[in-house]
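The following exercises concern burial, aromatic pairs, strands and a helix in one protein chain. Please work through each task before reading its solution.

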Amino acid sequence: MKLSSISITFFFALQLQALSVLLVNSQGTDSCNSILNLNLPFDTSSLHCISVWTRYDFILRYVQTSSNVWSFVLSAPDTNSFLGMGFSSNGQMVGSSAVVGWVSADGTGTVKQYYLGGQRPNLVVPDEGNLTMVENSSSIASQSSRIYMAFQLSTGQPRSRVLYSVGQIGVIPSSPGFALAEHRDKVSTRLNYVTGTTSATSSPHSRLRRSHGILNMLSWGILMLIGAIVGRYFRRWDPLWFYSHLLIQSCAFLLGLSGIIMGFVLEDRLGADVDTHKALGIFILVLGCLQVMAVFARPGKESKVRKYWNWYHQNGGRILIAFAIANVFYGIHLGDEGTAWNASYAVAICILFLVSLVLEFHLWRKN
């Protein structure tokens with residue numbers, strides 16, 4: 001009898017524990033098996049459901065309400081940031097239109113359409129775009145630690161290239177301008193509205209863009225610095241240092257020239273707004289050409305003007321490297337490559353900088 005009482009007690013304890021775990025796990029989660037309990041301006045009983053962005057737990061529900069009206073409900077964890085859903089003709093952000101929503105600290109929800117005219121904040125225009133939103137159909141609410149953004153579009157068939165974005169934590173648009181800050185992350189997908197399947201898509205020129213970035217990072221941003229280190233700190237191995245310096249810098253220049261040409265092609269194909277990045281690239285190329293021309297005008301060691309040539313050549317190289325490093329980081333930012341690229345390049349630059357400091361210290365001691 002005593003054993004039976006213990007068993008019953010243990011059984012109920014397990015049930016209570018399982019129930020508490022279930023309640024904890026269900027809070028702040030959503031799935032296609034969940035029932036929407038939202039006060040929306042349109043019917044949600046027949047919505048199709050699909051997980052569209054696993055990394056940030058984005059779940060999309062949609063249905064064709066009538067011949068020219070589509071209903072959407074996008075849900076994501078509430079991180080005190082905006083969430084956006086864009087419709088693109090080519091899978092690119094620039095030139096597309098997006099529905100963006102957020103809930104302010106006072107609980108006020110806002111849903112707006114934005115025209116994504118470029119990557120600069122002033123080119124992301126609120127209350128503009130080519131989406132025809134059904135009047136009084138949009139709403140956004142926070143429930144159980146999730147954000148639910150609902151809206152309807154008046155269209156026969158929405159575009160299949162769908163973009164999703166999540167804003168920076170704690171940064172949401174505010175009146176009167178409702179300027180949209182840079183997103184924390186984004187993804188481009190292709191949605192089949194019939195089968196209810198989605199897949200991530202890459203940029204049509206992603207290979208060209210990546211090659212452009214890698215070539216310029218390797219050439220102007222790394223090899224040029226290595227060549228400068230060889231030219232300054234290994235002069236005791238004459239003439240090996242000179243030919244090594246010449247070979248490294250020549251390879252860097254040719255690779256960098258190829259990378260810049262790819263950049264011009266990429267700009268033409270994407271129509272992207274990269275004026276500052278382009279101007280810096282042209283300036284770096286001009287400095288590189290001047291360095292190449294200086295080699296052919298290099299005076300002999302006994303010449304009186306040799307010290308002036310050395311001053312020009314060395315300082316011109318330093319300016320080139322400084323601008324190249326800055327432009328590489330800026331290019332990573334424009335390409336939305338994320339922290340992995342930034343961290344990898346920063347580590348490479350730090351290693352080369354530390355090597356330079358050690359060699360500079362030895363050179364100072366020797367002199």
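**Exercise 1. Determine whether Tyr62 is buried or exposed, and describe how its ring is placed against that of Trp70.**

Step 1. Tyr62 has a relative accessible area of 2% and is therefore buried; buried means under 20% relative accessible area, exposed over 50%, and partly exposed in between, with a 1.4 Å probe and protein chains only. The model is a predicted one, in which local features need pLDDT of at least 70 and side-chain atom pairs count only at pLDDT 80 or more, while totals for chains, interfaces and linings use all residues. Residues are numbered from 1 along each chain as its sequence is written, and side-chain values use heavy atoms, with hydrogens and water left out.

Step 2. Trp70 is likewise buried, at a relative accessible area of 5%.

Step 3. Rings of Phe, Tyr and Trp (its six-membered ring) pair if their centres lie within 6.5 Å; planes under 30 degrees apart count as stacked, over 60 as edge-to-face and the rest as tilted. By this rule there are 16 aromatic pairs. One of them joins Tyr62 and Trp70: the ring centres are 6.5 Å apart and the planes meet at 25°, so this pair is stacked.

**Exercise 2. Classify the aromatic pair of Trp220 and Phe253, and state where the two residues lie.**

Step 1. The centres are 6.1 Å apart and the planes form an angle of 85°, an edge-to-face arrangement.

Step 2. Trp220 belongs to helix 2 (residues 206–233) and Phe253 to helix 3 (residues 240–270), so named because helices (H or I, at least four residues) and strands (E, at least two) are DSSP runs numbered from the N terminus. The pair links distant parts of the chain, 33 residues apart.

Step 3. Trp220 and Phe253 are both buried.

**Exercise 3. What span does helix 2 reach, and where does it bend?**

Step 1. The 28 residues of helix 2 reach 39 Å from first C-alpha to last, close to the expected 40 Å; the expected span is 1.5 Å times one less than the number of residues.

Step 2. At Leu223, helix 2 bends by about 35°, the bend being the angle between axes fitted to the seven residues ending there and the seven starting there.

**Exercise 4. Describe the surroundings of His48 and the pairing of its strand.**

Step 1. His48 lies in strand 1 (residues 48–53) and is partly exposed, with a relative accessible area of 44%.

Step 2. Apart from neighbours within four places in sequence, His48 contacts Leu60, Arg61, Tyr62 and Val63, where contact means heavy atoms within 4.5 Å.

Step 3. Strand 1 and strand 2 (residues 58–66) run antiparallel and are joined by 5 bridges; two strands pair if DSSP finds at least two bridges between them. Ile50 has Leu60 in strand 2 as its bridge partner.

Step 4. These two strands form a hairpin with 4 residues between them, and Asp57 in the turn has a positive phi of about 55°.

**Exercise 5. Which strands pair with strand 9, and how covered is strand 9?**

Step 1. Strand 9 (residues 146–154) is mostly covered, with 8 of its 9 residues buried.

Step 2. Strand 3 (residues 69–77) runs antiparallel to strand 9, with 9 bridges; here Val73 stands opposite Ala150.

Step 3. Strand 8 (residues 139–143) is also antiparallel to strand 9, through 5 bridges, and Gln143 has Arg146 as its bridge partner.

Step 4. The hairpin of strand 8 and strand 9 has 2 residues between the strands, and Ser144 takes a positive phi near 55°.
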